[in-house]
Amino acid sequence: HKKNPGEPEFLQAVEEVATSLISFIESESRYKNTKILERIVEPERVIIFRVPWLDDKGEIQVNRGFRVQMNSAIGPYKGGLRFHPSVTLSVLKFLAFEQTFKNSLTGLPMGAGKGGSDFDPKGKSDNEIMKFCQSFMTELYRHVGADTDIPAGDIGVGGREIGYLFGQYKRIAGAFNGVLTGKGSEWGGSQIRPEATGYGLVYFVEEILKTKKDSMSGKTVTISGSGNVAQYAAEKCIELGAKVLTLSDSKGFIYDPAGIDKEKLAYLMHLKNIEHGCIKEYAIKYNCEYFEGERPWKIKCDIALPNATQNELDANDAKTLLKNGCICVAEGANMPCTPRAVATFLKEKIFYAPGKAANAGGVAVSGLEMSQNSQRYSWSRAEVDAKLKMIMHEIHERCIQYGKEEDGFVNYEKGANIAGFVKVADAMLAQGLV
Ligand code: NDP
């Protein structure tokens with residue numbers, strides 16, 4: 001706490017991981033006197049920079065840019081860029097720390113990083129977004145590279161932003177390479193990358209349900225968010241025969257008891273991705289309920305998928321979900337459940353899948369995009385989807401290996417933390433005091 005004042009999100013993430021790791025580290029003789037936990041929580045490097053740009057009125061705007069290069073023990077730094085007014089060093093350090101374990105869990109050779117800016121893309125014109133992205137990359141380019149640090153998208157950074165960032169990188173570096181993932185499929189992007197986090201999340205839930213000889217078919221699902229992760233999680237739920245009851249945005253949530261079907265989801269995607277409108281419009285079009293300023297956790301469901309942002313599901317929400325018979329909570333977002341919410345789920349022994357395992361499909365397919373770029377080749381949609389499914393299956397196995405308790409209950413949080421940790425920690429030790 002003394003070393004990292006004013007970084008509550010980072011401290012929260014470290015405490016959560018340390019809770020499951022300390023007794024494991026103490027029980028393994030190879031970690032004795034290595035200070036491995038103190039080393040792994042310290043970023044290798046943090047870059048903070050000025051991002052000046054001209055808005056459409058010709059006025060000068062100044063934002064702050066960041067890149068946290070957290071850990072390169074098992075591969076080059078890898079992790080998304082977030083553009084949102086709530087971005088601080090604390091938020092990016094928490095995300096980069098989580099990314100260390102997540103990337104390790106995928107089984108692919110990827111280190112961890114995270115970056116972004118306090119820039120708010122809301123209400124900005126295309127021209128302003130492009131100018132901001134160009135200015136951001138004019139500094140970032142010297143710190144990233146296809147073999148050193150490969151950023152991707154996150155909140156506020158989708159295909160459009162990756163395009164502008166890549167264009168500027170190419171001009172300055174004079175090289176067309178895999179420096180960013182999430183590129184368009186015509187210019188180096190992988191099939192299934194836009195869908196990967198949401199699809200992977202639902203594949204992971206299927207793996208969990210399989211342990212009880214159950215499936216998604218016929219389940220009711222509440223989802224928060226209506227961005228990249230939420231949209232494709234909803235699409236996969238519908239495809240597997242589940243009924244999606246809610247979606248949300250930063251203003252409120254919609255409750256559609258008839259279920260959000262394919263056609264309604266297509267409208268929602270157009271509304272959010274093309275018109276950049278509010279989810280309230282959905283409630284007006286389909287004549288269903290809209291709850292201003294609320295989150296969807298009071299709606300009765302079998303499965304809850306928090307897919308918007310950190311700390312969006314607290315202990316009271318957790319109790320309501322349990323009271324309503326929810327059997328599984330799987331995190332599409334990073335750290336959406338507060339520590340007390342997580343403790344509530346674990347105490348009642350319902351299925352709780354932490355983001356670092358459940359949402360790892362996105363970065364996994366980013367890893368596959370890197371492989372395809374290196375080979376100068378692209379795999380078909382079916383090939384990438386099959387690999388994604390296999391990776392989510394293997395992550396689930398790793399969680400069971402380290403998270404299964406004596407009574408048979410699987411503590412996925414503990415399992416994910418330990419499995420992610422072992423590979424990175426052992427690589428750090430093998431590489432000496434780095
Ligand atoms: P998007 O920007 O596409 O969507 C974010 C969604 O969450 C929007 O519906 C947005 O509402 C809502 N939201 C954002 N901030 C808040 C807030 N403070 N309060 C309430 N609602 C909010 O982002 P993604 O879908 O890509 O990311 C969502 C989560 O998933 C994040 O935690 C991200 O780190 C995580 N994640 C994303 C991956 C990816 O591949 N994209 C990979 C792994 C994790 P509005 O429309 O009003 O802005």
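This is a short talk through two sheets, a ligand shell and three loop residues in one structure.

Hi everyone, and thanks for coming. Before anything else, please keep in mind that this is a predicted model.

Let me begin with the sheet that comes earlier in the chain. Five strands make up an open sheet with mixed pairing, and the order across it is β1-β2-β4-β3-β5. The edges are taken by β1, residues 45-54, and β5, residues 149-152; each has a single partner strand, so one side of each has no neighbour in the sheet. On average, neighbouring strands here are turned by 20° against each other, with direction ignored.

At the β5 edge, the partner is β3, residues 77-83, and the two pair in the parallel sense over four bridges. If you want a spot to click on, take Gly80, whose bridge partner in β5 is Ala152.

Now look for the helix on this sheet. Helix α4, residues 126-140, lies across β1, β2 (60-71) and β4 (112-117). Its direction is at about 140° to that of β1.

On to the other sheet. Here seven strands form an open sheet, again with mixed pairing, in the order β9-β8-β7-β6-β10-β11-β12. The edge strands are β9, at 289-292, and β12, at 351-353, each of which pairs on one side only. The average turn between neighbouring strands of this sheet is 15°, direction ignored.

There is a helix to show you here too. Helix α6, residues 193-210, packs on the sheet and touches β10, β11 (328-330) and β12. Between the direction of α6 and that of β11 the angle is about 150°.

At the β9 end, strand β8, residues 252-255, pairs with β9 in the antiparallel sense over four bridges. A nice pair to display is Phe253 with its bridge partner in β9, Phe291.

Let me stay a little longer with β6, residues 220-224. How many of its residues are buried? Five of five, so to speak a full house: the strand is mostly covered. As a reminder, side chains in a regular strand alternate between the two faces of the sheet. In β6, Thr220, Thr222 and Ser224 are on one side, Val221 and Ile223 are on the other, and both faces are covered.

β6 has a partner on either hand in the sheet order. With β7, residues 243-249, β6 runs parallel, and three bridges join the two. Thr220 has Lys243 as its bridge partner in β7. To get from β6 to β7, the chain passes through helix α7, residues 228-239, and this β-α-β crossover is right-handed. With β10, residues 303-306, β6 also pairs in the parallel sense, over four bridges. There, the bridge partner of Ser224 is Pro306.

That helix, α7, brings us to the ligand. Which element gives the largest share of the shell around the ligand? It is α7, with three residues. The ligand is surrounded by 22 residues, and the closest are Gly227, Asp249, Ser250, Ala333 and Gly362. Sorted by class, the shell holds 14 polar, five nonpolar and three charged residues.

To finish, three residues in loops. His276 sits in the loop between α8 (262-274) and α9 (280-286). Its phi is near 50°, which is positive in a residue other than glycine. Is His276 buried or exposed? It has 11 C-beta neighbours inside 10 Å, so His276 counts as exposed.

Met335 is another non-glycine residue with a positive phi, about 50°. You will find Met335 in the loop between β11 and α11 (339-348). Met335 counts as buried because it has 25 C-beta neighbours inside 10 Å.

Last comes Trp379, in the loop between α13 (361-375) and α14 (381-403). With 18 C-beta neighbours inside 10 Å, Trp379 counts as partly exposed. What does Trp379 contact, leaving aside its neighbours within four places in sequence? Those contacts are Gln191, Gln372 and Val384. For a sense of scale, Trp379 and Glu28 are 351 residues apart in sequence, and their C-alpha atoms are 41 Å apart in space.

That's my tour, and I'm happy to take questions.

Terms used: Residues are numbered from 1 along each chain as its sequence is written. This is a predicted model: local features need pLDDT of at least 70, side-chain atom pairs count only at pLDDT 80 or more; totals for chains, interfaces and linings use all residues. A residue is buried if 20 or more other C-beta atoms lie within 10 Å of its own, exposed if 12 or fewer, and partly exposed in between; C-beta atoms are placed from the backbone. Two strands pair if DSSP finds at least two bridges between them. A crossover is right-handed if, with the strands pointing away from the viewer, the path from the first strand over the helix to the second runs clockwise. Axes are lines fitted to C-alpha atoms, for helices over the stretch in contact, and angles run from 0 to 180 degrees between N-to-C directions. Two residues are in contact if their C-beta atoms, placed from the backbone, lie within 7 Å. A residue is near a molecule or strand if its C-beta atom, placed from the backbone, lies within 6 Å of it. Ala, Val, Leu, Ile, Met, Phe, Trp, Tyr, Cys and Pro count as nonpolar, Asp, Glu, Lys and Arg as charged, and the others, Gly among them, as polar.
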